[in-house]
Amino acid sequence: MKIKLGPADFAEKEMRGYEVGKRSLCVARINGRYKGLDDWCNHAGCLLSGGRLEGNMVVCPCHEVGFDMDTGKNETSPGVCDDQPTVKVEVENGELLVELSDKDV
């Protein structure tokens with residue numbers, strides 16, 4: 001199911017958090033592309049959207065764990081926590097869209 005998040009009006013390297021159904025999503029614009037993953041860090045539950053971007057990686061504001069925005073892979077501390085689930089983000093008619101399963105909505 002495709003869900004509209006709002007306007008695709010991010011500045012380059014901007015991140016925002018969204019509550020969508022049962023999920024919290026972190027969406028960022030990196031090199032002109034929109035990318036998304038679960039916003040709640042699986043290590044301690046902090047919001048990744050409150051962190052910072054370093055290249056293609058979002059760094060959690062609580063414990064500095066870095067996740068690749070394309071794959072969700074934990075790039076900095078693999079022994080500390082799991083990878084983050086990712087979501088596909090599309091732009092259609094100037095709107096951000098994510099595809100979620102029915103169980104997530």
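Which pattern does the chain follow when read along the sequence? In this predicted model, the succession is β-β-β-β-β-β-β-β-β-β, and the chain accordingly contains ten strands and zero helices.

The overall dimensions were examined next. The chain has a radius of gyration of 13 Å, which agrees with the value near 13 Å that a compact globule of 105 residues would have. Taken along the principal axes, the box filled by the C-alpha atoms is roughly 40 × 30 × 20 Å. Of the 105 residues, 43% count as buried, while the surface that the chain exposes amounts to about 5500 Å², with carbon and sulfur atoms supplying 48% of that area. When contacts between residues at least 6 apart in sequence are considered, 42% of them join residues that are at least 24 apart. With respect to charge, the chain carries 19 negative and 13 positive side chains, and a separation of 3 Å was computed between the centres of the two sets.

Two positions, Q84 and T86, were considered in more detail. Q84 is placed in the loop between strand β7, which spans residues 66-68, and strand β8. The residue has a relative accessibility of 3% and counts as buried, because this value falls under the 20% limit. A polar atom of the Q84 side chain lies 3.0 Å from the backbone oxygen of W40, and W40 is also among the residues in contact with Q84 once neighbours within four places in sequence are left aside. The remaining contacts of Q84 on that basis are with L37, D38, C41, N42, L48, F67, T71 and G72.

T86, by comparison, lies within strand β8, which comprises residues 86-87. The relative accessible area of T86 is 35%, and the residue is therefore classed as partly exposed, since this value lies between the limits of 20% and 50%. Not counting residues up to four places away in sequence, T86 touches R23, G36, L37, M69, D70, T71 and G72. A further relation across the sequence involves L25, which is 61 residues from T86 along the chain and whose C-alpha atom is separated from that of T86 by 8.8 Å.

The contact lists of the two residues can be read together: L37, T71 and G72 appear among the contacts of Q84 and also among the residues touched by T86. Q84 is thus described as a buried loop residue, and T86 as a partly exposed strand residue.

Conventions: Residues are numbered from 1 along each chain as its sequence is written. This is a predicted model: local features need pLDDT of at least 70, side-chain atom pairs count only at pLDDT 80 or more; totals for chains, interfaces and linings use all residues. Side-chain values use heavy atoms; hydrogens and water are left out. Helices (H or I, at least four residues) and strands (E, at least two) are DSSP runs, numbered from the N terminus. The radius of gyration is taken over C-alpha atoms; the globule rule is 2.2 Å times the number of residues to the power 0.38. Buried means under 20% relative accessible area, exposed over 50%, partly exposed in between (1.4 Å probe, protein chains only). Contact means heavy atoms within 4.5 Å. Accessible areas come from the Shrake-Rupley method with a 1.4 Å probe; for residues, only the protein chains shown count as cover. Lys and Arg count as positive and Asp and Glu as negative; His and the chain ends are not counted. The place of a charge is taken as NZ of Lys, CZ of Arg, CG of Asp or CD of Glu. A polar contact is a pair of N or O atoms within 3.5 Å; within protein, one must be able to donate a hydrogen and the other to accept it, and residues adjacent in sequence count only if both atoms are side-chain atoms.
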